[in-house]
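Q: I would like to learn how to read a fold from its coordinates, going from the sheet to the core. Could we begin with how a contact between two polar side chains is recognised?

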Amino acid sequence: MLIDSHCHLDRLDLTAHDGSLDNALNAARERGVGKFLCIGVDAANAPVVKQLAEQYDDVWCSVGIHPLDLSRNDPTDLAWLLQALDHPRVAAIGETGLDYHYEPDMAQAQQDSFRCHLQAAATTGKPVIIHTREAREDTLAMLREADLANAGVLHCFTEDWDMARAALDLGYYISLSGIVTFRNADALRDVARRIPADRLLVETDSPYLAPVPHRGKPNEPQFVCEVAAFLAELRDEPLERLWENTTANFHRLFPLTTA
């Protein structure tokens, strides 16, 4: 079994599947994808991702406020977050984090929100799904300050080995998306070769960032198979072993998904 550890099922372009999410999920299941983690990005879609997780036995979800969604939302409220997390199908917190590339003027608001999510993680024990871009030092500083026992994952990782190693030293996992297949991703491929087998996850981040050979098309959960195949070849390991390891890692990081 392979797991898509990060997808946005409520945002998929379902044109290729006659408008049916069932068809899109079945296409992934037929290729061996056995679970999906559907990611929350703000308060409005929290009920949506929960409903999807309730509807499908192999779908789990997270809830949180994406750093790039803060400008159109009220400040992150810890009481709301804790209430939203109190659900048997919510396996994680986020996605949250820092992104100074698109909204550098929101840095303080992003830090406040991120800190709130990390506090919720400390309270609930649920792992954190982290988005970080052009905010390396602040991200790592806040993770060190939080000192979470349950840690989490840096999803759709695009940084260098120094940041990956620092996150690994803090107990975090690294998740790779279709970006690793892109022609200009040599530095990321170097990171991908070095990530320990017991700390690696794979994802699509669909409907975004479709891997080669689907680049430029809408991404979907079944394409996690292409990400996994590319990584297995890159890391010179049997594909079956990469499937097994990333699935075991997912279940270790998100223990609720084994229920």
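A: A polar contact is a pair of N or O atoms within 3.5 Å, where, within protein, one atom must be able to donate a hydrogen and the other to accept it. Please keep in mind throughout that this is a predicted model. In this model, the side chain of His 66 makes such a polar contact with the side chain of His 131, at 3.5 Å.

Q: Where in the chain does His 66 lie, and is His 66 buried or exposed?

A: His 66 is placed in the loop that runs between strand S3 (59-63) and helix H3. Buried means under 20% relative accessible area, and because the value for His 66 is 10%, this residue counts as buried. Leaving aside residues up to four places away in sequence, His 66 touches Val 41, Glu 95 and His 131.

Q: How should I read the sheet, and in what order do the strands form it?

A: One follows the pairing from strand to strand, and here 8 strands form an open sheet in the order S1-S2-S3-S4-S5-S6-S7-S8, with parallel pairing. The edges are strand S1 (2-7) and strand S8 (200-202), each of which pairs on one side only. From one strand to the next, the twist averages 30°.

Q: Over how many bridges does S4 pair with S3, and over how many with S5?

A: The parallel pairing of S3 and S4 runs over 3 bridges, with Ser 62 standing opposite Ala 92 in S4, while the parallel pairing of S4 and S5 runs over 5 bridges, with Asp 99 standing opposite Arg 133 in S5. Strand S4 is largely enclosed by the rest of the structure, because 10 of its 10 residues are buried.

Q: How do I check that a helix such as H4 is regular in length, and what does H4 pack against?

A: The expected span is 1.5 Å times one less than the number of residues. For the 18 residues of helix H4 (residues 107-124) the expected span is 26 Å, and because the end C-alpha atoms are 26 Å apart, the two agree. The buried residues of H4, among them Phe 114, Cys 116 and Leu 118, pack against helix H3 (78-85), strand S4 (90-99), strand S5 (128-133) and helix H5 (136-146). After H4 comes Gly 125, whose phi is positive, near 80°.

Q: Which strands pair where Leu 154 has its bridge partner, and which residue is that partner in S7?

A: Strand S6 (residues 152-154) pairs with strand S7 (residues 173-176) in the parallel sense over 2 bridges, and the bridge partner of Leu 154 in S7 is Ile 174. Helix H9 (residues 239-253) also packs on this sheet, touching S1, strand S2 (33-38), S6, S7 and S8, and its direction makes about 100° with that of S8.

Q: Finally, how is the nonpolar core to be read, and which residues touch the most other members?

A: In soluble globular proteins, nonpolar side chains tend to be buried together. The largest nonpolar core here has 72 residues, of which Leu 9, Leu 154, Phe 157, Ile 174, Leu 176 and Leu 231 touch the most other members. Helix H8 (residues 224-234) supplies the largest share of this core, 7 residues. Apart from this core lies another, of 13 residues, including Val 153, Tyr 173, Leu 201 and Phe 254. Not counting residues up to four places away in sequence, the residues that Leu 154 touches include Ile 130, Leu 143, Met 163 and Ile 174.

Technical notes:
Residues are numbered from 1 along each chain as its sequence is written. This is a predicted model: local features need pLDDT of at least 70, side-chain atom pairs count only at pLDDT 80 or more; totals for chains, interfaces and linings use all residues. Side-chain values use heavy atoms; hydrogens and water are left out. A nonpolar core is a set of buried Ala, Val, Leu, Ile, Met, Phe, Trp, Tyr and Cys residues joined through side-chain atoms within 4.5 Å. Buried means under 20% relative accessible area, exposed over 50%, partly exposed in between (1.4 Å probe, protein chains only). Helices (H or I, at least four residues) and strands (E, at least two) are DSSP runs, numbered from the N terminus. Contact means heavy atoms within 4.5 Å. Two strands pair if DSSP finds at least two bridges between them. Axes are lines fitted to C-alpha atoms, for helices over the stretch in contact, and angles run from 0 to 180 degrees between N-to-C directions.
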